[in-house]
Amino acid sequence: MKASELIMKLENGEFDGCLKKVYVTDEAVEAQKPRYIRTAKKFIEQFDDDRDVIVLSAPGRTEICGNHTDHNNGKVLAASINLDAIAVAAKSDAAVINEKSEGHSLNVVDISSLEPNADEYGRSGAMIKGVAARLNNLGYKIGGFDACTTSDVMGGSGLSSSAAFEVLIGNIISHLFNDGNIDAVEIAKAAQYSENVFFGKPSGLLDQMASSVGTFVNIDFEDTDKPIIKKINFDFAGSGYSLCIVDTHGNHSDLTDDYAAVRGEMEAVAKAMGKNVLREVSFEDFKSQIGSLMEKTNDRAVLRAMHFFKENERVDSAVQALETNCFEEFLKVITDSGRSSFMYNQNVFTPSAPLEQKLSVALCVTDDMLPCGYRVHGGGFAGTIQAFVKNEELEAYRKAMDAIFGEGSCHVLIIRPVGGTRVI
């Protein structure tokens, strides 16, 4: 199917059923169609209309519970959301990947050489090369392709726009060259490898796994080669609550060192106890050695380690609350998670700019309005908070957040039922 035919069928509603499997409601499908049509038109403009195309999507994710636990082999509860990155893509004959993101210049990635290059750190082209390199190393077929992409996952929002992009690239390679047979977990691990080794950001596996696998998902990273993944059957739409992500528009640049310090300090505590990561350490052993660990590492490292151990317990409690339909208990767990992140993990503002505390303000105002169910979202230090708001209180909460942080800062999300996927 050529891109021009894709446009015609989208306009005629012939793919509404395909879109609904991803976006759930008829209203959402109608809202998405112009975006897909626009991307297909950009493909024709950039790459012509002489080849068959496929259409793919990879979602952003929301971290429900398990803040900064994945990089030390901990537990998380996450969910894929309705904001996503999409692509219209086609094979090419050259050993080059051409990717044109809406609003950005063309990425030209030579895949005849698949070695990381520190000069390319921080560039989206490095992400593309990294995913291709990892899948190639694992024995999957790779090849050149052309793609036009667009994303409505807000960058710097804690919704993992980079993971969505990486998972999208993995799915393009899977469906163009491997008949769609690359497992979602394998794509997630390739995406994380790309971000760590080629993009130069020391992220854990949560973001990519939640985007790739999709829906509510509980992930135990004790064995990172074989993470235990459990989908949670919970009807969030019937809970009477909405999930809000509030973008505080804080400066999200130059935070790599802050993120790295969380992981590094947790691992420093583990190494001081003869282990590699905190998951290998007994909580009782840790508590018995807190005094000496403060001397061997530092005070903040000990606090962050305490957060890790208790956060793993909170993930189990949150999952149990959802599975037993105890939503009020779930909300209390989320609030406890947020307080631990603020006090012990200390990732609500960066110590390099202590006067800029937009996340702290958002949490403070939310605490005044809601009894429970809110916390810092994602990596922290800047960006967004998460809040579960009763539907009847949603408009008042949205207005309050928008009045402080700007119109459109409060986003109401849908938990989408699928992860990275071929849509058409």
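**Briefing: a helix, three strands and a surface patch**

On one side of helix α14, Lys399 and Ala403 are exposed. The other side of this helix holds buried residues, among them Tyr397 and Met401. The model is predicted. The points below cover helix α14, strands β3, β4 and β5, and a nonpolar surface patch.

**Helix α14**
- Helix α14 covers residues 394–405, and its 12 residues should span 16 Å at 1.5 Å a residue.
- The end C-alpha atoms of α14 are 16 Å apart, which agrees with that span.
- The buried residues of α14 are Leu394, Tyr397, Met401, Asp402 and Phe405.
- Seen down the axis of α14, these buried residues fall within an arc of 125 degrees, so they line one face of the helix.
- An α-helix has 3.6 residues a turn, so residues three or four places apart point the same way.

**Strands β3, β4 and β5**
- Strand β3 (residues 96–101) pairs with strand β4 (residues 106–110) in the antiparallel sense, over five bridges.
- Within this pair, Asn98 stands opposite Val108 in β4.
- Four residues lie between the strands of the β3 and β4 hairpin, where Gly103 takes a positive phi near 85 degrees.
- Strand β3 also runs parallel to strand β5 (residues 145–151), joined to it by five bridges.
- Here Glu99 stands opposite Ala147 in β5.

**Nonpolar surface patch**
- Leu303, Phe342, Met343 and Tyr344 make a nonpolar surface patch of about 330 Å².
- Helix α12 (residues 327–345) gives the most to this patch, with three residues.
- Phe342 is found in helix α12 and is partly exposed, with a relative accessible area of 32%.

Terms used
Residues are numbered from 1 along each chain as its sequence is written. This is a predicted model: local features need pLDDT of at least 70, side-chain atom pairs count only at pLDDT 80 or more; totals for chains, interfaces and linings use all residues. Side-chain values use heavy atoms; hydrogens and water are left out. Two strands pair if DSSP finds at least two bridges between them. Helices (H or I, at least four residues) and strands (E, at least two) are DSSP runs, numbered from the N terminus. Patches are made of residues with over 30% relative accessible area and no salt bridge: like charges are joined within 9 Å, nonpolar side chains (Val, Leu, Ile, Met, Phe, Trp, Tyr) within 5 Å. Accessible areas come from the Shrake-Rupley method with a 1.4 Å probe; for residues, only the protein chains shown count as cover. A salt bridge is a side-chain nitrogen of Lys or Arg within 4 Å of a carboxyl oxygen of Asp or Glu. Buried means under 20% relative accessible area, exposed over 50%, partly exposed in between (1.4 Å probe, protein chains only). The expected span of a helix is 1.5 Å times one less than its number of residues. The arc is that of the directions from the helix axis to the C-beta atoms.
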